Amino acid sequence: MVNTRPPKIDELLKIDPYLNDFQDEISRRYGVFLDYQRRIDECGGIEAFTSSYREFGLNVQPDNSVKGLEWAPAAEKLALIGDFNNWDQNANIYKKEEHGKWSLIVPANADGSCAIPHNSVIKIAVSRNGQTHFKLSPWATYVTCPNPKETVIYHQNFWNPSEKYQLKESRPSRPASLRIYEAHVGISSWEGKINTYRAFADEVLPRIKKQGYNAIQLMAVMEHVYYASFGYQVSNFFAVSSRCGTPEDLKYLVDKAHAMGIFMLLDVVHSHASKNVEDGLNQWDGSNGGYFHDNARGFHNLWDSRLFDYTQVETLRFLLSNVRWWVEEYGFDGFRFDGVTSMIYHSHGMNDSFCGGYPMYFGLNADTDSLVYLMLANDFLHKKYPFMVTIAEEVSGMPGICRPVEEGGQGFDYRLAMALPDMWIKILKHTSDEDWKIEDIVFNLENRRYAEKHVAYAESHDQALVGDKTIAFWLMDKEMYDFMSTDSPLTPIIDRGLALHKLIRLVTIGLGGEAWLNFIGNEFGHPEWLDFPRVGNGESFHYARRQFNLVDAEYLRYKFLNNWDREMMMLEERTGFLHKGYAYTSWKHDGDKVVVFERGGLVFVVNLHPNKSFADYSIGVNSPGRYHITLNSDDAQFGGHSRVNNETKFHTSEDGYAGRRYRLQVYIPCRTAIVLEKEDE
């Protein structure tokens with residue numbers, strides 16, 4: 001293949017001059033991308049290609065007949081079976097077409113009604129080498145487990161309600177600053193149960209809105225048979241998770257979020273698929289191939305799952321249609337792509353230190369097929385939907401992941417700043433407060449690719465899983481059981497935990513990225529960890545819930561952390577500091593444990609010292625005038641000690657300080673942060 005230079009590669013090279021040495025490889029990848037686009041054009045063009053869910057699977061026609069179309073290249077016979085035809089494998093046989101496709105028409109009943117009743121159970125009998133297996137269509141839109149106590153095998157339900165929920169609300173505008181609330185519907189109740197889409201919409205959405213978040217990243221929506229997989233072992237890519245309700249219930253949730261002005265992101269898993277054979281995509285046509293590599297590349301040894309063959313046109317059709325389906329059918333506004341690091345390296349990032357420098361990103365371990373698939377997905381989504389936001393879960397630092405495809409990048413809008421939560425957990429596990437290295441903390445918070453936007457977060461669902469703990473529990477541990485009541489003594493451990501929980505989140509949102517993410521419940525310091533019902537814990541829901549009852553109890557100290565989080569979000573909403581450029585850090589003092597930085601017209605002063613308070617502490621600012629306190633972690637409403645007078649005004653002096661043109665002097669107690677804002681002239 002002739003190398004094709006991306007039309008705007010000069011922009012990428014200007015941002016990162018080190019890439020000059022790898023122009024040929026960037027151009028080669030872009031050439032593969034153009035070749036794949038040509039193949040898609042030969043299949044009818046990107047519009048028809050990404051709308052294939054209207055043809056594949058089972059689709060009810062205007063006359064109530066049902067058209068079926070499947071791609072099963074290794075199969076020798078396909079038959080639609082179910083309650084509607086008494087499971088007769090000879091009643092509705094698919095016709096073999098070209099290129100491994102199979103078609104079917106089920107005529108309407110004599111009275112004009114659909115021959116397949118709504119919500120009735122159906123399967124496809126797939127025969128190969130003399131064996132027949134009852135399978136679920138890869139394009140199934142609703143699958144259920146009829147009796148979980150007796151079987152874990154899911155069945156396909158023919159979803160054709162007489163009245164479908166119609167999305168009514170208009171999409172909110174794409175936020176300039178994303179404040180993302182990462183949520184899992186199933187665990188969103190304080191009760192020991194699986195919560196529903198409608199309950200989440202009615203009871204949890206108002207909390208998120210009140211808290212100041214403008215986006216929700218919804219996890220575990222794509223159907224997954226194994227609940228404890230957290231939604232990352234997807235078995236049915238076009239189906240909503242039936243544990244939490246029906247397709248119409250999910251539409252109700254998205255519609256209600258849009259009515260509140262909340263941008264909806266779906267956690268999409270295109271990096272791998274469940275190995276389930278009976279109710280998953282694995283061995284769909286009787287072979288190990290089909291949508292997957294039919295060799296060692298088709299298996300993920302660590303995740304025990306199947307890996308897609310992105311060179312297959314039908315795999316591209318399936319996956320690109322899948323992202324469009326979630327936008328068109330359910331109204332999602334964007335995606336967080338899971339497992340991107342695993343996708344883009346042949347090693348899947350396993351045992352990789354990612355210390356190999358630029359040759360590592362462009363060497364033989366880089367997976368061109370996966371990188372090009374991501375380019376195709378992002379190129380289509382952003383051209384089709386101007387509101388679209390895509391986020392990459394990517395930890396290696398691959399250059400260009402968040403640069404436009406025309407520059408030779410992969411086209412994402414953001415990548416997760418995955419090193420940040422790892423840093424905080426490592427510090428809390430292994431370093432005493434007196435030994436915190438402030439310069440190292442600031443370096444890690446600011447260490448990200450220039451001109452590639454990052455989502456900052458102190459912890460997500462990963463840090464809460466069994467075997468680890470939430471930051472609040474690392475800080476306060478078992479004392480959270482006995483001393484979170486305002487009627488109980490404020491112990492040193494609780495006092496420290498409340499203070500550091502606030503400071504860790506503030507310095508992370510201030511320095512760590514261009515967007516913010518919070519995992520459901522962590523805004524109020526959720527205790528303990530996450531553990532889904534399984535045999536090993538007696539199928540208990542005790543740790544698979546979010547205890548909102550704790551923050552609702554006025555007599556508990558969780559409300560202080562919740563108040564702090566809400567005011568941080570409101571400050572960002574009012575000032576937009578996340579999207580107003582990089583912070584300028586003028587002071588990072590290991591001895592004092594003090595960090596000072598300016599961002600978006602605000603001045604952040606953070607004292608992480610366990611016992612040293614500073615009166616008349618000099619800080620540098622670049623804009624003269626009078627400043628006031630706009631946020632103070634020591635306020636009583638945040639569980640602080642009210643040592644700082646919020647009415648104090650701060651006037652700049654002409655003698656510069658810390659490399660800035662002007663000086664301010666502030667009182668900053670230990671384990672306290674204040675945010676200053678300049679007053680209007």
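Helices α2 and α9 make a right-handed crossing in this predicted model. To place them in the sequence, α2 covers residues 23-42 and α9 covers residues 368-384. Two packed helices are described by the angle between their axes and the distance between the axes. Here the axes come within 9 Å, and the crossing angle is roughly 60°. That value falls outside the 65 to 115 degree range for roughly perpendicular pairs, and the two helices therefore count as oblique to each other.

If you would like to trace the contact residue by residue, start on the α2 side with E25, R28, R29, Y30, V32, F33, Y36, Q37 and I40. Their partners in α9 are T368, D369, L371, V372, M375, L376 and D379.

Now let's turn to the nonpolar interior. The largest nonpolar core has 184 residues, and the members touching the most others are L218, W326, F337 and W424. Domain 1 (51-158) and domain 2 (421-680) both contribute residues to this core, so it lies between them. A second core, separate from that one, is made of 19 residues, among them W587, V594, F614 and L676.

L218 is a good place to zoom in. Beyond its neighbours within four places in sequence, L218 has contacts that include A183, V185, F200, L250 and F332. The list also takes in L253, M264, L265, L266 and D267.

Finally, have a look at P117, which sits in the loop between β5 (101-106) and β6 (121-128). With 41% relative accessibility, P117 is classed as partly exposed. Setting aside neighbours within four places in sequence, P117 is in contact with F84 and F158.

Notes: Residues numbered from 1 in each chain as written. Predicted model: local features only at pLDDT ≥ 70, side-chain atom pairs only at ≥ 80, totals over all residues. Heavy atoms only, no water. Core = buried A, V, L, I, M, F, W, Y, C linked by side-chain atoms within 4.5 Å. Buried < 20%, exposed > 50% of the residue type's maximum accessible area, 1.4 Å probe, protein only. Domains from an automatic or database assignment. Contact = heavy atoms within 4.5 Å. Axes fitted to C-alpha atoms, helices over the stretch in contact; angles between N-to-C directions. Helix = DSSP H or I, 4+ residues; strand = E, 2+ residues; numbered from the N terminus. Parallel < 35°, antiparallel > 145°, perpendicular 65-115°, else oblique. Left-handed = near helix turned anticlockwise from the far one by under 90°.
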